[in-house]
Structures are given as C-alpha cells and as structure tokens.
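Visitor: Got a minute to walk me through this one? Put the model up and let's go part by part.

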Amino acid sequence: MLPVKELQERSDRHPKPSDIKFQYGTAGFRTLGKTLDSVLFRVGVLAALRSKKLDGKTIGVMVTASHNPEPDNGVKLVDPRGEMLESSWEAHATALANAPSSVAFVAAVDELVRATKIDLSIPARVVYARDTRPTGPQLVTALKDGLEAIKAEYRDAGVTTTPVLHYLVRTINTKGTKDSYGEDTEEGYLTKISDAFKKLLAGKPPSPPLLIDCANGVGALMAERFKAYLGDIFTIDVVNADLHTPGVLNNSCGADFVKVNQKLPPSITLQPGQRACSLDGDADRLMYYYADEHGQFHMLDGDKITTLVASYIVELVKASGLDEQIKVGVIQTAYANGSSTKYLSGRLPVKCVPTGVKHLHHAAEQYDVGVYFEANGHGTVLFSPAAQELISSHTPSSALTNLRNIIDVINQTVGDALSDAFLVEAVLAHKSFSGVEWDSMYCDLPNRLVKVVVSDRNAFKTADAERRLVSPPGLQVKVDELMRKYGGGRSFVRPSGTEDVVRVYAEAATRAEADELAFRVAGLVY
Ligand code: 16G
Ligand code: ZN
C-alpha cells in the first residue's frame, strides 16, 4: 500500500512552481537550483520506487549540475550497476516532476506503481551524494523528505564526485558476489585506483608533477584525498580548489571552459613543456593540454584521450597473445574531430552514436573492450565480463599484468576525470611520451561550436547519429551546399539536450574556414 497521507502531506511542503515544466533530459533534471525543491522531493520517491521495481537493489541519486554555472543544480538517478537510469523511466521521472499539485503527484505515483507492476512490500534502498553547489544542502533535505515519505532506507555519501557515487552504487550492489567491484566506500575507491596506478608506474622514470585544475568544485576534495594515497610515487598540484568563495565554481576554469574556449584558464600559467588537465564541476570530464617549447597552448581533448588509450590497450592485448579473442572498439559522437576518426578507423572498429553518455556506454558494452570518450572529455573504457575473465586467467606476462592494472585504474561505471587522468599518465609513462608526442598521433582539424537560440528547439530532428537534420524540411540540403564550398569541411546541427538552444558544429582545413562555415550554418538555423 502507498502511504498516501504521508506522501501528500510531505509533498505539500514541496510545492511545484506552477510556471516551470521540468524535463528529465540527457543529464537528468537540470535548471536553476532554487527552483528544484519539488523535483528533489519527487525524485526521492521515484528512486525508492525504482529500487522496489528492481528487487530492492540500491539506486543512486546524484545532486549536481556538472559544468554548468554555480546557480544551476540538477539531479540524476543511477541504476544498480552504476549506469544511467534506464531510458524508459525518464518519462516517468518527467511525469512525476510535472504533476501540478500534491494530489496529482500521489495519483501519478499510484499510476506508475500500477503501470510498472511494482510490489510495494519490497524494501527500497537509495544512496545519494551532492557536489559543492550552495543550493545542494537544501535540495538534499527535500530528497530525504521524499525518501522518508515512502520509507526507503538510505545512505548519505556526502559531498563527493559523480564518479564516486556511480562506483558506490555498483560496489554496494555487487558486494559479496563474484562480480564484486571493490569496497563500497570512498576509501575503497581511492585504494583500488591508486594501488593500480602505483603498480603501473613502478619501475618507470618519475612522471613530472601533474597540475590539476579542479574548476573550484568537488573534484578538488577527491584530488586532495588521492594525494595521500599516492605518496611520493606521483605528485599532484591542485589548482582552482576554492570551495568557499561564491561564484567561482566552473567560472573561467574547468574542462568545459578549456574545451569551449580552446584556451588556458586565465588562472593557469604553464612552463614550456608542462602538461596539465582540467576537471569539470563534478569531476566526470577531463581535458588535457600542454605548452610546447615556445609556450604555445595545445589542447588534448576526449578524442586525443581515446586515441592514446585505445592504441595502448590494443598493444597490450596483442602482446598478451589475446588479440584473436579480444576485440577492441571505439565509440564516438558526431563531435569527434574528423582527424581522430580517420586515424582510428584505419586501425579499429569505430562507431558513431548520438550525444550523451547513455548512448556511448551502451554501444561500448557491445565490444570485448569498448573505449569511449566524448570530445568534451567524458568517457571511460569497458571490459566485458568474458574479456576480464580471459585476462585474469591467462598465463601472466608483463603485458598482461599491465592490462590487469589498467582495468583497475579505470572506473568502468562512468567517466571519471581523476581515474582517467591516472590512466593517461600511466600510458604516457609506459610509452615514454610527452604531451608533444601524444599530440602528434594526429593533427586536429580546426573546429568551431556555436549555439543558436531558436524559438523551438524541438523543431530540429536528426538522424544518422545526429549527423543529419531531417527536420525542419530542406535545411539539411542547404547545410550540405555550404559544406561543399569548404573542401574537407564538415558541419552538423542538433538540438541541445541540456539547454534551450540548437548547436552548430563545423570543422574545416583552416581556422578561418571552420569559423566561417559554423557561422554561415548558424545563419541558416537562426
Ligand atoms: C550531458 C551529457 C554529456 C553530453 C552533454 C551534451 C551525460 C551524463 N552527460 O552533459 O554526455 O555531452 O549533455 O549536452 O549524459 P548538449 O545536449 O546540451 O549538447
Ligand atoms: Zn560533469
């Protein structure tokens, strides 16, 4: 039985703002933090129902707005294996969030229970965490009220990164089973990753200290904690770690700033030859860069990470004598730089899918080893259970030992900026690469991303992994015409899944052409 009275009374304390329509999009609910109180209360109830539906498995709830400005906030659900919420439930989330009154909300809950045949007698378990945003504590209070209204058991993972929350969900649900993924604590996470990283660095010449720009977000806490676990094996210099001054989160720093502006955060100066990286506000995106001998900035984005990591894993698989049994594949989106796709396609199977982690993650699961990084720096590597079994049972060799440690340094549940940075550093150490050598694997085509505010972004529909527009009618033909004018140029138009805008991407042989193509296509859209 639903605790109708309890739900309704508590829901009354979290009224829905009448003028807002919420939508569970690619990254969950995301908008101005101060408008999200009712959403958090309702997400508490929804997470509990999802847990009941999945036999009492633990569901994760992460309160964050990632790389977005500090006043924004958001919330997303994490399914039992640490993956994104199953897409069929996104519509349920949207329906619950938009019920106009508490009576309507309880009716919507009842409807969901019936439609998805939830057994309410099954216990519900939820683990939640939040990033450092000022609206976080209040939103967590609303979430807890939702969880208590439906009598869910819950665990507060405190202020931590998105990838730690995903890790916790997976480890809690696999505890004591043959699929165990580690200890279900932050210490377990830090130990697993840092031990594997230390083993990978053993016997290698010392790596230079790594400067990590933490976007003044929660990644700074985790980077500091890693320092203690890494000791003097590897040195981290944490910058942009101000968690107290209002307004500094993701402001002129962090992975998104670097990617979008294709330049260094003004707070950072690099010595010639020095490399560094930036995280985003919840530490699931990573952007690398270095200064060349003239001090010139060069960006090493998600595509560069894919190339480096995939090539190294292929080498290890081959050296272990497993290349017949283990096939490595790469997943990209339309945003992947054309040069990276060209470089990789000659060597590996490469697949293009629509933007958003759930698409990439799902496609990566189809390979023995699936490597995915969005150009924006979000990504990870997935090893199928069969591949992991082969790797752990095969005759040990140094390549195989490296492969095992690579598996452990990676957070396979979701993109994890810090774990990814250690993965990159380990590969660089093994290949004796500096930023210059890594960068020279292929040369990026100049590119430009612009956003266009339109009256209705839903009028823009795409096909072919967002590379072509099918609506509005006739627009793609015009984009094609423009592309033909720029030899080797490529452009596409897609509606954003997180903002009320349409995005235009263009790349071409020169910077001037890429800019021109982007602005001319934007002109068609506007
Ligand atoms: C979200 C996605 C990210 C994607 C971005 C695109 C997740 C967890 N995050 O942040 O993967 O690159 O949206 O944003 O799926 P856009 O649709 O506004 O361009
Ligand atoms: Zn993020």
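Visitor: How many Å separate the centres of domain 1 and domain 2?
Guide: Heads-up: this is a predicted model, where local features need pLDDT of at least 70, side-chain atom pairs count only at pLDDT 80 or more, and totals for chains, interfaces and linings use all residues. Residues are numbered from 1 along each chain as its sequence is written, and chains are lettered from A and ligands numbered from 1 in the order written. Domain 1 is 4-159 and domain 2 is 188-299, with bounds from an automatic or database domain assignment. Taken over C-alpha atoms, their centres are separated by 32 Å.

Visitor: How many residues of domain 2 are in contact with domain 1?
Guide: Contact here means that C-beta atoms, placed from the backbone, lie within 7 Å. On the domain 1 side, the touching residues are 3 nonpolar, 5 polar and 3 charged; Ala, Val, Leu, Ile, Met, Phe, Trp, Tyr, Cys and Pro count as nonpolar, Asp, Glu, Lys and Arg as charged, and the others, Gly among them, as polar. Domain 1 puts in 11 residues, and the domain 2 count is 15.

Visitor: Where does UniProt place the "binding site" feature?
Guide: That comes from an unreviewed entry, and such annotations may be inferred rather than shown by experiment; positions use the numbering here and feature names are shortened. The entry lists S66, D280, D282 and D284. They span 219 residues in sequence, yet no two of their C-alpha atoms are more than 8.0 Å apart, so they gather at one spot. To repeat the names: S66, D280, D282 and D284.

Visitor: Is D280 buried or exposed?
Guide: D280 sits in the loop between β8 (275-279) and β9 (286-291), strands being DSSP runs of E with at least two residues and helices runs of H or I with at least four, numbered from the N terminus. Beyond four places in sequence, its contacts include S66, H67 and R285. A residue is buried if 20 or more other C-beta atoms (placed from the backbone) lie within 10 Å of its own, exposed if 12 or fewer, and partly exposed in between. D280 has 35 C-beta neighbours inside 10 Å, so the verdict is buried.

Visitor: Which residue in the loop between β8 and β9 has a positive phi near 65°?
Guide: D284 lies in that loop and is buried, with 32 other C-beta atoms within 10 Å, but the residue you want is another one. It is buried as well, with 34 other C-beta atoms within 10 Å. It isn't a glycine, and its name is A283.

Visitor: And K117, with phi near 50°: buried or exposed?
Guide: K117 is in the loop between α4 (102-115) and β4 (125-130). Its phi is positive in a residue other than glycine. With 7 C-beta neighbours inside 10 Å, K117 counts as exposed.

Visitor: Which residue does a cis peptide bond join to S471?
Guide: Omega is about 0° there. The partner lies in the loop between β17 (468-471) and α17 (475-485). That residue is P472.

Visitor: Last one: how many residues are in the largest nonpolar core?
Guide: A nonpolar core is a set of buried Ala, Val, Leu, Ile, Met, Phe, Trp, Tyr and Cys residues joined through C-beta atoms within 7 Å. V61, V126 and V409 are among the members that touch the most others; V409 touches I193, F197 and L423, among others. A second, separate core has 20 residues, including A336 and L517. For the largest core, the count is 130.

Terms used. Contact = placed C-beta atoms within 7 Å.
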